[in-house]
Amino acid sequence: THQFVSESAANRVYFVSAPVSYCVSGDRLWRYSGYGFAAVQPTVADLPVGLPDRVLVADNIRAAGTRFTSLPPDLQRNALVEFSLTLAARGAEVAVHSAVQVHNVP
């Protein structure tokens, strides 16, 4: 009975196991899981608060350099999630930039 908002660009469908979220809070990057599917992305207040469903991935993140962006799919490429963050500790900084391909999900 579920109806997708738009059709898949290449008429494909993918089945997944469970949602996972990554959130920056203060100077920490957290990974959340075990919260089930929802029609919209849950807010941080609605995500789990303890182990094993909330895990610290990194700390000492500079909030000013943090960015998460999602780009929708088109006929030339799949959707992308891009992120940039800067890790800072003991006077040194490392900038991390990456793009993750989201397979052609409607």
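Throughout these legends, a residue is called buried when its relative accessible area is under 20%, exposed when over 50%, and partly exposed in between (1.4 Å probe, protein chains only). Welcome to a predicted model, in which local features need pLDDT of at least 70 and side-chain atom pairs count only at pLDDT 80 or more, while totals for chains, interfaces and linings use all residues. Residues are numbered from 1 along each chain as its sequence is written, and side-chain values use heavy atoms, with hydrogens and water left out.

**View A. Glu93 and Arg62 form a salt bridge.**
The structure holds 1 salt bridge (a side-chain nitrogen of Lys or Arg within 4 Å of a carboxyl oxygen of Asp or Glu). In the pair formed by Glu93 and Arg62, the closest N and O atoms are 3.0 Å apart. Glu93 belongs to strand β6 (residues 92-102) and Arg62 to strand β4 (residues 61-71), so the contact ties together parts that lie 31 residues apart in sequence. Strands here are DSSP runs of E with at least two residues, numbered from the N terminus. Arg62 is partly exposed, at 36% relative accessible area. As background, side chains of opposite charge can pair when their charged atoms come close.

**View B. Strand β5 pairs with β4 and with β6.**
Two strands count as paired if DSSP finds at least two bridges between them. β4 and β5 are antiparallel and share 7 bridges; β5 and β6 are also antiparallel, with 11 bridges joining them. To find your way along the β4 and β5 pairing, look for Phe68, which stands opposite Phe83 in β5. Along β5 and β6, Ser84 stands opposite His97 in β6, and Leu87 has Val94 in β6 as its bridge partner.

**View C. Arg90 sits in the loop between β5 and β6.**
The hairpin of β5 and β6 has 2 residues between the strands. Arg90 is not a glycine, yet its phi is positive, at about 55 degrees. With a relative accessibility of 88%, Arg90 counts as exposed. For context, most residues other than glycine have a negative phi, and most peptide bonds are trans.

**View D. Asn60 and Pro52 mark two further loops.**
Asn60, in the loop between β3 and β4, also has a positive phi, near 65 degrees, in a residue other than glycine. Asn60 is partly exposed, with 34% relative accessible area. In the loop between β2 (28-33) and β3 (54-58) you will find Pro52. The peptide bond leading from Leu51 to Pro52 is cis, and its omega is near 0 degrees.

**View E. Val20, Tyr22, Val57 and Phe68 make a nonpolar surface patch.**
The patch covers about 350 Å². Such a patch is built from nonpolar side chains (Val, Leu, Ile, Met, Phe, Trp, Tyr) joined within 5 Å, in residues with over 30% relative accessible area and no salt bridge. Val20 is in strand β1 (residues 20-25) and is partly exposed, at 36% relative accessibility. Phe68 lies in strand β4 and is partly exposed as well, at 41%. Beyond its neighbours within four places in sequence, Phe68 is in contact (heavy atoms within 4.5 Å) with Val24, Leu29, Glu82 and Phe83. Phe68 and Leu85 are 17 residues apart along the chain, and their C-alpha atoms are separated by 8.7 Å.

**View F. Ser21 and Gln41 share a polar contact.**
Ser21 is in strand β1 and is buried, with a relative accessible area of 5%. A polar contact is a pair of N or O atoms within 3.5 Å, one able to donate a hydrogen and the other to accept it; the side chains of Ser21 and Gln41 make one at 2.8 Å. Leaving out residues within four places in sequence, Ser21 is in contact with Trp30, Arg31, Tyr32, Tyr35, Gln41 and Leu47.

**View G. Asn78 and Ala79 are both buried.**
Asn78 is in the loop between β4 and β5 and has 17% relative accessibility. Its side chain and that of Gln101 are joined by a polar contact of 2.5 Å. Next, Ala79 lies in strand β5 (residues 79-89), with a relative accessibility of 14%. Ala79 touches Leu71, Pro72, Pro73, Val100, Gln101 and Val102, when residues up to four places away in sequence are not counted. Ala79 and Val100 are 21 residues apart in sequence, and from C-alpha to C-alpha they are 8.6 Å apart in space.

Methods:
Helix = DSSP H or I, 4+ residues; strand = E, 2+ residues; numbered from the N terminus. Patch = residues over 30% accessible without salt bridge, like charges linked within 9 Å, V, L, I, M, F, W, Y side chains within 5 Å. Areas by Shrake-Rupley, 256 points an atom, 1.4 Å probe, with all protein chains shown as cover.
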